[in-house]
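Here's a quick walk through a few spots worth a look in this one. Pull up the sequence and the model, and let's go.

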Amino acid sequence: MSLEQFKNRNVGTQNYVKLDLDHSPTSGWCQFKQVVKRTFKPELFVGLWVTLREMGNALFRGKMHTTQYPFEKLPISPRYRAIHDMLRLMESGNYRCIGCGLCEKICISNCITMETKYDENQRKEVSEYTINFGRCIFCGYCAEVCPELAIVHGQRYETASEQRASFSLFEDMLTPIDQLNLQQEYQGFGAVSPNADENIKKTPLAY
Amino acid sequence: METATMLPEVTAAGVIIKAVLILAVIAAIAGFGTYIERKILAFMQRRLGPQHVGPYGLLQLAADGIKLFTKEDIIPQHANKIIFAVAPVITAATAFIALAAVPVFPDFTIPLLDIYVPSIASDVNVGILFVLGMMAAGLYGPLLAGMAQANKWGIIGSARTAIQFLSYEVVTGLSVLAPIMMVGSLSFVDFNNYQADGTWMVVYQPVAFVLFLIAGFAETNRTPFDLLENEAEIISGYVTEYSGMRWGLFFIGEYANMITIGVIASIVFLGGYNDFWFIPGWIMIIGKIAFSFFFMLWVRAAWPHIRPDQLMWLCWKVLMPLAVVNVVVTGIVMMIIG
Amino acid sequence: MYEFVAFYIFAIATTILFLITVMSKNVLYSMTSLAAGMVLISGLFFLLGADFLGVVQLIVYVGAVMALYAFAMMFFDATKDVKEKQQNPQLVFLLGGLMALVFVIMFSAPVIGDNIQALYPVVDGVGNAQAVGMVLFTKYLVPFEVAAVMLLVAMIAGIILAGKKMDYSLTKCEAIDEEMSVELEKGEE
């Protein structure tokens, strides 16, 4: 399906396939013919055959559809917006967050709270960072607005826990320092698009 | 006739042992039927079905049993309490009473006590009518349950019970009538002996067989005709307010009825427990009953259910005339040949 | 011995159930006890060795009472008691008592007179169904056929009563209504 087709929301004017419905019988003879046709058409047996065939497919040809969820999981899209992750810089291992506060500002459900201070190198340090997941609507604005790609949406969608706070501390969301080499660059919402280089234009300075 | 005199005398102790045997084994099979149903329906929809309780989920039955027994037993405030409590018992009891006149398991003698246990608990010579009548009486369970529970879904369920019963009962009787005319007896044993030469009754009476199957589906409330408790339309119909073991009794009754219909279909139409080539008769009858049980599940997986008015249309305007014509034609042919 | 015990169980249970049928003010109770009583009567037939009649009793009355239930469902709230309107309870009591007395005399007179004999006793080797069939189609052929014709008449009458508006389609009713109104106007003109 082309993009043009995909974006066409004029539902009423699209090409629909009309079912070839029989006309309802008018005379008694027509009704009789319809009854006979419906009685002796092997449609019911087609139905039986289909279910039996699918049973054979499932049992003997390995076409079982069930995903045994807690033991096996389906892959999810990189654009999936689950519990946030805080990424680190690959080179130094420092967290990427520069404490700019944009995510706190843009958050439409006011669930991000952060406090920053200057550390001894006069560099901004995040002293406290929490996300209230009781309020978060997973809109993804924070990930989109983050200039450093520091706060992103991760893949952790199993959010049942004993306390809401379980996911919400900065340390919980931050990539563990020993798993730094496993850290994946974020592909989803707000990430740099694959053709970003082509889209960069010269900044018009000559006003 | 001579073999009949050879058999030891049937004592009261033997009949009681037989009754307990039927009750225990059929109730267990009926419970196990729920597992088989879930498993087969799952396979037909390419799912796995229950499989975490025990190997392949076999102990699911025990888990369900524990759940049913420990569930809170709720009787609604405005319900008619006596009738509400009696209704599930009617369904389960009639299903087992019907099995009293059906030959299940071979006869044997308990060695030490010298008690002869017959193959039919009560060998009434009108067996087939007794079984059908008792299964019909079983429909009082859903009817009373629906009316007693002071719930509108229940009332709709019991109204549907009444119309379904009145519709299919005629077809059941008339469809069985033609084989009865050919055999000239109402006893299951005579039906079995009539087909001892290897020609099944289906060959002579295909129309009656199809009619009986359709009516049997209606009698057991299986899917094309599961109007009484159709979740999509009337919540749960007559079982809306039931919980725990009272609810469980309805389903034990339903599955016992499925087995009974399987037994009748296999004895009357499918050659009974006669030997087939080299296969002994007891394997044949178990195989036939198992297949008819499977067929009911298969149909449930494949076919949609119909509306009440369609059921009445089908029974009164199509099946009943067909059954009458079948009876008349059978009579004429029998008169000409015999 | 077993028959003796079973007879009294069935007899007492049947009597109590039919008493409930008459006495109870609740539709559900009286209907249910009626149905149960009918089923228990078939037990008496089985005790007498009349298996076929017992089964017929079972099948026929199960269906008949089921139809009664359908009416009860339509006319009454099954969970509430019915308020009876009795104009003259003494008269009802008197007439009922008289009828009961007449029935008791009718049925007990031959017992006391000791002149009952079975006209069609159960014969060994002849099945119940055959015996009933023989009697029905020889001695009682005319009443049997008359009953059949009466049932046919009742059935046709029922179909006509119910089927008056069978060709009146609910989905097309507006069109028909318009047609009818047009016709009515023509008639008035």
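In the hairpin of β2(A) and β3(A), five residues sit between the strands, and Gln122(A) takes a positive phi near 60°. Keep in mind that this is a predicted model. The two strands, β2 (residues 112–118) and β3 (residues 124–131) of chain A, run antiparallel and are joined by seven bridges. Looking for one pair to click on? Thr113(A) has Thr130(A) in β3(A) as its bridge partner.

There's another positive phi in chain A: α3(A) is followed by Gly62(A), with phi near 65°. Here are the two side by side.

| Residue | Where | Phi |
|---|---|---|
| Gln122(A) | hairpin of β2(A) and β3(A) | positive, near 60° |
| Gly62(A) | follows α3(A) | positive, near 65° |

As for helix α3 of chain A itself (residues 43–60), its 18 residues should span 26 Å at 1.5 Å a residue, and the end C-alpha atoms are indeed 26 Å apart, so the two agree.

Now over to chain C. It has seven helices and zero strands, so to speak a plain run of α-α-α-α-α-α-α along the sequence. Of its 189 residues, 18% are buried. Among the contacts in chain C with a separation of 6 or more, 48% are between residues 24 or more positions apart.

Which parts of chain B touch chain C? Helices α5 (127–138), α6 (140–148) and α7 (152–183) of chain B each supply at least two residues to that side, and α7(B) gives the most, with seven. Overall, 28 residues of chain B are in contact with 22 of chain C. The chain B side has 21 nonpolar residues, six polar and one charged.

Terms used. Residues are numbered from 1 along each chain as its sequence is written. Chains are lettered from A and ligands numbered from 1 in the order in which they are written. This is a predicted model: local features need pLDDT of at least 70, side-chain atom pairs count only at pLDDT 80 or more; totals for chains, interfaces and linings use all residues. Two residues are in contact if their C-beta atoms, placed from the backbone, lie within 7 Å. Helices (H or I, at least four residues) and strands (E, at least two) are DSSP runs, numbered from the N terminus. Ala, Val, Leu, Ile, Met, Phe, Trp, Tyr, Cys and Pro count as nonpolar, Asp, Glu, Lys and Arg as charged, and the others, Gly among them, as polar. The expected span of a helix is 1.5 Å times one less than its number of residues. Two strands pair if DSSP finds at least two bridges between them. A residue is buried if 20 or more other C-beta atoms lie within 10 Å of its own, exposed if 12 or fewer, and partly exposed in between; C-beta atoms are placed from the backbone.
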